[in-house]
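I opened a new notebook page for this structure. These entries record what I looked up and what I found.

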Amino acid sequence: MKFLLGAKRLMILHFIKLNLTLESKMTAIRTTIFIFFSLLIITPADAQTKKIDSLNKLIGIAKTDTARINLLVKKIRLTRNENIDSSIALNKKALQEAQRINYYQGEVNLRNNLITSYCFKGDYKTAAENLKFLETFVKSSKDSADFADLYSNYGMMYGMQAKYDTSIQFYEKAIGISERNNNKISLSSNYSNVAIGFQQMSNFGQALFYQQKSLKLGEDNKDETAQAYTLVNMGITYDLLRDSLRAERAYRRSIVLAEKNNLKNVELYAYTNLSSLYINKSNWKDGYEVAMKAADLAEKTGDQGTQAASLAKAAVCLANQNNFSSATDLAKRAIVLADSSAQPLNIYQGYSSMGNILMLQKKYPEAIAFYEKSFDSLDASTSYETDIGNSYKALSECYQKIGNFDKALAAYKKYATIEDSVRSKDNIKRSTELNMNYDFEKKKALTDALQAKTNAEARSKQLLLLGGLLLAVLLAIGAWFAFRNKQKANRILESQKAEIQSTMTELRKAQSQLIQAEKMASLGELTAGIAHEIQNPLNFVKNFSEVSKELVDDMEEELRAGNKQNAIMIADSVKQNLEKITHHSLRADSIVKGMLLHSRSSAGQKMQTDINALADEYLR
């Protein structure tokens, strides 16, 4: 039997006050968990250290207490990316200082930071206490940005605990305030966050609606950070809709933007979700490589929960390649990390991964022990979905293999209940329960009669064969319809492509014409000035010509009078005038050539030019 690990899927929530939450989803063992992170562009270690050093200098010379606290808020957000405990300790000291000087906005920002950090550590009780205090502390204006942040934090906290109905209600309140205040940054993050609640309730249409709105705002604002976060979540939605092509594209786009903007956390979640996608497709080699990339990134960023989930996925990939020794080592590491993260769903995945590995080795009693431990961690969870049901199905098979049919039946009933709850088919649930009761009772009775068991297996094979034939026919029909639809879609796309190409050609022509028209318009505006510039040298030519004519007359008179020396002096003056006439003629010629050059049509290509000549021409 080939059995998949519940491939943990991480979903990022980012929102105002530079916060984000991520949801971890297990694929074959589908359940969700939220981990909270600071939505801060995570720069390389050296760059981040420089930023912290710079902030420390500014903090040391801050002229007022309020300015100092505002700088501390920025430092706390940077520190959170390196060490959450150090960030909390610094946050508490800064909060005491803000309370001492009665700085309202500083205390609000610092408590929001604390809520983020405590949720990230899984300490929801302390996070809730800070939220309750903040609810009474925030000023009474219900449309204030502080209330929008408060509601966003409530939505984040409930979402991380898989209480999606409540999470959506708070996010919708935050969205209402942000829309009334036209706060596009807050809207982008809250759209992305509320989409996850709808996603986890299998309302994928509404989830994609909000995710597309968030992505559009990010693109309009040229906010590549927000786009990277939203693309991870959109990839998960497409994955849940079984559109693996769009899902992989979204993850890859998110990784490119994350690497470009040094968003190590987004890069981490994109990789871990991409590994889930490969695992779903039984691509064990790529699944292992990407899962280990995610595990390395999680270790560097201090995210033990994601590191545990990634190691668990990598372990099952190795197990499905029959590398059981290395797979067991990775699963053990995953369990240790999951236990220390104190997050139930991470613990669940760690133990269930070991159960999967043991089951693949047909070590059914040992696998049962790990499956039972994994389910013990889910006692407080309300997120029972298809993949958790599949785990119960695996447990049922393990019990069946060792002959414990009562427990096998009980586990199978849980699997059927979860499946029916997800699909909302009560009639199938009732018939399924009757059939499985009959099957298990029959199998239990047949353990004492080998011949009867053989007959039952033969009948089961016949039913499976008939079912397989029916399924093959249905798949063939479905494939035929899909092929027809694909052909139709391709024809539409070709038509649209031709139309777009034609439009682009027209636009290029229009652009060329507009450029030439703009040149001619500017030429018209310059004509008056240029005419004035031409008139100036022409006046000089005219004046010097008239003076030269008079000088020639004087020279003739001097020659008649025999005053040769005076005639020579007059001739020199005439020569100087002629030089000035030539100079000003060249000025006029240069102006005319420049005007002709300006009006000439060109391809707009860049050319080398003498920068000194260009500057001289411009100044003149």
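The entries below go through backbone angles, aromatic rings, charges and surface patches in turn.

**Entry 1. Kind of model.** I noted at the start that this is a predicted model. I number residues from 1 along the chain as its sequence is written.

**Entry 2. Positive phi angles.** I began with the backbone. Most residues other than glycine have a negative phi. I therefore looked up residues that depart from this general pattern.

Lys222 has a phi near 55°, a positive value in a residue other than glycine. I found Lys222 in the loop between helix H9 (204-220) and helix H10 (224-240). Is Lys222 buried or exposed? Its relative accessible area is 73%, so I wrote down Lys222 as exposed.

Lys362 also went on the page, with a positive phi of about 65° although it is not a glycine. Where does Lys362 lie? It is in the loop between helix H16 (344-360) and helix H17 (364-376). I entered Lys362 as exposed because its relative accessible area is 61%, and the cut-off for exposed is over 50%.

**Entry 3. Aromatic pairs.** How many aromatic pairs does the count give? The count comes to 16 aromatic pairs. I looked at Tyr348 and Phe375, which form a tilted pair with 6.1 Å from centre to centre and 35° between the planes. This pair links distant parts of the chain, with Tyr348 in helix H16 and Phe375 in helix H17, 27 residues apart. I recorded both Tyr348 and Phe375 as buried.

Next I took Phe540 and Phe544, a stacked pair with 6.3 Å from centre to centre and 20° between the planes. Phe540 and Phe544 are 4 residues apart in helix H21, so about one helical turn separates them. Which side of the cut-off for buried, under 20%, does Phe544 fall on? Phe544 has 18% relative accessibility and therefore counts as buried. Phe540 has 33%, so I put Phe540 down as partly exposed.

I also noted a cluster in which ring pairs link Phe147, Tyr151, Tyr154, Tyr158 and Phe170.

**Entry 4. Salt bridges.** I searched the whole structure, and the search finds 8 salt bridges. I followed up three pairs.

Glu224 forms a salt bridge with Lys260, and their closest N and O atoms are 2.9 Å apart. The pair links distant parts of the chain: Glu224 is in helix H10 and Lys260 is in helix H11 (residues 244-260), 36 residues apart. I looked up the accessibility of both partners. Glu224 is partly exposed, with a relative accessible area of 24%, whereas Lys260 is exposed at 57%.

Arg246 forms a salt bridge with Asp243, with 2.7 Å between the closest N and O atoms. I have Arg246 as partly exposed because its relative accessible area is 47%.

Lys285 forms a salt bridge with Glu289, the closest N and O atoms being 3.1 Å apart. Where do Lys285 and Glu289 lie? Both are in helix H13 (residues 284-301), 4 residues apart, which is about one turn of the helix. Glu289 has 39% relative accessibility, so I counted Glu289 as partly exposed.

**Entry 5. Surface patches.** I turned to helix H21, which covers residues 450-560. Which residues gather in a patch of negative charge on the surface? They are Glu546, Glu550, Asp553, Asp554 and Glu557. I checked Asp553, found in helix H21, and its relative accessible area of 38% makes it partly exposed.

A nonpolar patch on the surface is formed by Leu470, Val473, Leu474, Ile477, Trp480 and Phe481, which together have about 610 Å² of accessible area. From this patch I looked up Phe481, which is in helix H21. Phe481 has a relative accessible area of 47%, so I wrote down Phe481 as partly exposed.

**Entry 6. Leu409.** I closed with a single residue in helix H19 (residues 405-423), namely Leu409. Is Leu409 buried or exposed? Its relative accessibility is 14%, so Leu409 counts as buried. I also took the distance from Leu409 to Glu397, 12 residues apart along the chain, and their C-alpha atoms are separated by 9.3 Å.

Terms used. Predicted model: local features only at pLDDT ≥ 70, side-chain atom pairs only at ≥ 80, totals over all residues. Heavy atoms only, no water. Helix = DSSP H or I, 4+ residues; strand = E, 2+ residues; numbered from the N terminus. Buried < 20%, exposed > 50% of the residue type's maximum accessible area, 1.4 Å probe, protein only. Patch = residues over 30% accessible without salt bridge, like charges linked within 9 Å, V, L, I, M, F, W, Y side chains within 5 Å. Areas by Shrake-Rupley, 256 points an atom, 1.4 Å probe, with all protein chains shown as cover. Salt bridge = Lys/Arg side-chain N within 4 Å of Asp/Glu carboxyl O. Lys, Arg positive; Asp, Glu negative; His and termini not counted. Charge placed at Lys NZ, Arg CZ, Asp CG, Glu CD. Phe/Tyr/Trp six-rings, centres within 6.5 Å; stacked < 30°, edge-to-face > 60°.
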